[in-house]
Amino acid sequence: EQWDAAVAAVRALGGDAEIQLVCHVSPDGDALGSMLGFALGLRRLGFTRVRATFPGEFRVPTPYAQLPGVAMLVPEQAAYRAPALVLVFDVAGESRLGGLAAQVAAAPVSVVLDHHASNTGFGTIQLVDPHAAATSVLAEELVTRLGVRLDAEIAECFYVALATDTGSFKFDLTTVAVHELAARLIATGLRPGDISRRIFDSRPFGAMKLTGEVLGRAVLDPAAAGGRGLVWTYATLADLARHEQPPYVLDTLIDPVRSVAEADVSVLVKQVAEGEWAVSLRSKGAVDVSRLAISQGGGGHRLAAGFTGHGEPGDLVDRVRRLLDDYLI
Ligand code: 5GP
Ligand code: MN
Ligand code: MN
């Protein structure tokens, strides 16, 4: 059993073994929350050498910069060179690990905790459940199996991860078990209102102005996806620069787009470099956007996925529009 193998892999280590935790590039609340909560759990077990990292530019979104355990977070360049164990959080495939992919592949043992439908099965031990609402569900299960008692710091990390990946407990995978986990986390003394204000209601004024502009140029195509409808918009690096905002403020901009009643499918095309775009896809149930994204070299979940594309936003959306009928659920 994979859970027993993961527990044994941790128990086999001495207290001074180097343990590396890794999450995906451009980390979100689940990537950072599940990883840092688990890192704190390892510290509670007496492991003294624990580092957490992610590939690429070392920019932690402001809402997550105060998470407990953030002191263990280091840039990719300061990661262990040859750790005894690597644990990987919220990563669907090695392409999301950038320069850290080689290290994960070379590690004697790598435990992958993930919930993406598109997970490629990399790593030596896989704790992968596409029905899990967040990777933190799996991280909590593993720390608990290791004998860690949840405390307020660990719980805050896991709660942030759970709240962000479930859209504040409203997406399809928000089960009884998810609410029971949330209850266990809150019982450690968390204040969900404080956490929500810090995570969701602390956006700079410039982010709101930017949002207004990007939403103002949205286009609705009611005939797309066999009449279920498509709504899309795009944001450029110039938009970010004009409003002096970092790229992560676009991470949640798909949410107001997907709220449009006339469209089942929503698309946000975000510029990452000259001619290079990150395409975010959401569906309300008509289209399996995970399979569509995989066909374009990306991945994700059935109703929330993405890929990287080249060219112009309008052309990328035309490509998505043509593919929709192939991936109707
Ligand atoms: P978002 O649209 O919020 O960036 O991503 C939605 C989901 O799709 C996330 O679970 C994310 O992991 C996945 N995803 C987004 N872009 C990519 C990509 O380029 N490659 C892969 N493999 N997954 C992606
Ligand atoms: Mn994620
Ligand atoms: Mn996740």
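In this predicted model, the element that contributes most to the shell around ligand 1 is strand β11, which supplies five residues. The shell as a whole comprises 16 residues, and the closest of these are Ser 280, Gly 298, Gly 299, Gly 300 and Gly 306. Two elements give two or more residues to this shell, namely β10, spanning residues 299-300, and β11, spanning residues 304-310. When the surrounding residues are sorted by class, 10 are polar, five are nonpolar and one is charged. The ligand shell is not confined to one part of the chain, since domain 1 and domain 2 each provide at least three residues to the surroundings of ligand 1.

The two domains that share the ligand shell are domain 1, covering residues 2-200, and domain 2, covering residues 205-327. Their C-alpha centres are separated by 27 Å, and the contact between them involves nine residues of domain 1 and 10 residues of domain 2. On the side of domain 1 that touches domain 2, the residues are divided by class into three nonpolar, three polar and three charged.

The strands that contribute to the ligand shell belong to an open sheet of six strands, arranged in the order β6-β7-β8-β9-β11-β10 and with mixed pairing. The edges of this sheet are formed by β6, at residues 219-221, and by β10, each of which pairs on one side only. Helix α13, made of residues 313-324, packs on the sheet and touches β6, β7, β8, β9 (276-283) and β11, while its direction makes an angle of about 145 degrees with that of β8. Within the sheet, strand β7 (residues 230-235) and strand β8 (residues 265-273) run parallel and are joined by six bridges. In this part of the sheet, Ala 235 is placed opposite Lys 270 of β8. In UniProt, an unreviewed entry lists residues 247-327 as "domain: DHHA1"; over this stretch the chain is 30% helix and 32% strand, with the C-alpha atoms at its ends 29 Å apart.

A second open sheet consists of five strands in the order β2-β1-β3-β4-β5, and the pairing here is parallel. Because β2 (49-53) and β5 (125-128) stand at the edges with a single partner strand each, one side of each is left without a neighbour in the sheet. From one strand to the next, the twist averages 15 degrees. Strand β3, at residues 85-89, pairs with strand β4, at residues 110-114, in the parallel sense and over four bridges, and Val 86 stands opposite Ser 110 in β4.

Two helices lie across strands of this five-stranded sheet. Helix α1, formed by residues 2-11, lies across β3, β4 and β5 and runs at about 125 degrees to β5. Helix α2, formed by residues 29-44, lies across β1 (18-23), β2, β3 and β4, and runs at about 165 degrees to β1. As for the annotation of this part of the chain, the unreviewed UniProt entry lists residues 19-161 as "domain: DDH". Over residues 19-161, helix accounts for 30% of the chain and strand for 17%, and the end C-alpha atoms lie 21 Å apart.

Terms used: Residues are numbered from 1 along each chain as its sequence is written. Chains are lettered from A and ligands numbered from 1 in the order in which they are written. This is a predicted model: local features need pLDDT of at least 70, side-chain atom pairs count only at pLDDT 80 or more; totals for chains, interfaces and linings use all residues. A residue is near a molecule or strand if its C-beta atom, placed from the backbone, lies within 6 Å of it. Ala, Val, Leu, Ile, Met, Phe, Trp, Tyr, Cys and Pro count as nonpolar, Asp, Glu, Lys and Arg as charged, and the others, Gly among them, as polar. Domain bounds come from an automatic or database domain assignment. UniProt positions are given in the numbering used here, feature names are shortened, and annotations may be inferred rather than shown by experiment. Two strands pair if DSSP finds at least two bridges between them. Two residues are in contact if their C-beta atoms, placed from the backbone, lie within 7 Å. Axes are lines fitted to C-alpha atoms, for helices over the stretch in contact, and angles run from 0 to 180 degrees between N-to-C directions.
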